[in-house]
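Q: Could you take a close look at one part of this structure, and explain step by step how neighbouring helices meet there?

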Amino acid sequence: MSIRVLVVDDQAIVRDGLVTVLSLVPDLEVTGEASDGAEAVAAVERDQPDVVLMDLRMPGTDGPTATARIVAEHPEIAVLVLTTYADDESIVTALRAGARGYLTKDAGRTEIATAIRAVASGQSTFDATVGARLVAQLAGGPAAGGKGTDATALPALRDRFPDLTPREADVLELIAAGRTNPQIAATLFLTVPTVKSYVNQVFAKLGVRSRAEAVSRVLR
């Protein structure tokens, strides 16, 4: 079954390019396009896409405003931001509005298609630059790195969510950076089933049901 995608961008040449590129991907179906947030909200009602590929800065109703409305009215529909901007304010504003993923416009067709599939399945996803900036934003300083040992788990996360163990905080940090379970397993030197268990524990303690909800919970 194809993933239905709505393309939203105020520049016609960008929309045309995205529609053309995505139409070449066998498991993606472009259901429509919109030039601003208000059109996007109307198109969501009309076309019921699975994923909205959303620009941020547009005249009239902007991307974050449209994202918040779409997520509130249609929580089953995923919003994936595709924008020129990768500053902290833009990233955090988009994720607080409910976006499940964030890419910059230098992303290629394969990366965009992979991200669309990820958010359609309930995952959160960010390109490498955005992921690093998000981790730094959550930590209140330079992005954490390395193996994600107990000593390097985000102190800010442990302080805000004291029920989390240091390892669970490591897992939440990597979820926020858009890592998949296999990637988290490789980073923390754990098995994938063990990571799944940690993810479920984190979700239970945060009171969320998905990666996107976990990221939004952290950014409140």
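A: To follow who meets whom, it helps to know that a contact here means heavy atoms within 4.5 Å. With that in mind, and remembering that this is a predicted model, we can turn to helix α8, residues 166-176, and helix α9, residues 181-188, which pack with their axes 10 Å apart at an angle of about 130 degrees. Angles of 65 to 115 degrees count as roughly perpendicular and those over 145 as roughly antiparallel, and α8 and α9 are therefore oblique to each other. Their crossing is right-handed.

On the α8 side the residues involved are R167, D170, V171, L174 and I175, and they meet I184, T187 and L188 of α9. Sorted by class, the residues of this contact comprise 5 nonpolar, 1 polar and 2 charged.

Helix α9 also packs against helix α10, residues 192-206, and here the axes lie 9 Å apart at an angle of about 105 degrees. The pair α9 and α10 is therefore described as roughly perpendicular. From α9 the contact takes in N181, P182, I184 and A185, while α10 contributes V192, V195, K196 and V199; the classes in this case are 6 nonpolar, 1 polar and 1 charged. I184 is thus listed both in the contact with α8 and in the contact with α10.

As for the setting of this part, the chain as a whole has 11 helices and 6 strands, and buried residues make up 49% of its 220 residues.

Methods:
Residues numbered from 1 in each chain as written. Predicted model: local features only at pLDDT ≥ 70, side-chain atom pairs only at ≥ 80, totals over all residues. Heavy atoms only, no water. Axes fitted to C-alpha atoms, helices over the stretch in contact; angles between N-to-C directions. Helix = DSSP H or I, 4+ residues; strand = E, 2+ residues; numbered from the N terminus. Parallel < 35°, antiparallel > 145°, perpendicular 65-115°, else oblique. Left-handed = near helix turned anticlockwise from the far one by under 90°. Nonpolar A, V, L, I, M, F, W, Y, C, P; charged D, E, K, R; others polar. Buried < 20%, exposed > 50% of the residue type's maximum accessible area, 1.4 Å probe, protein only.
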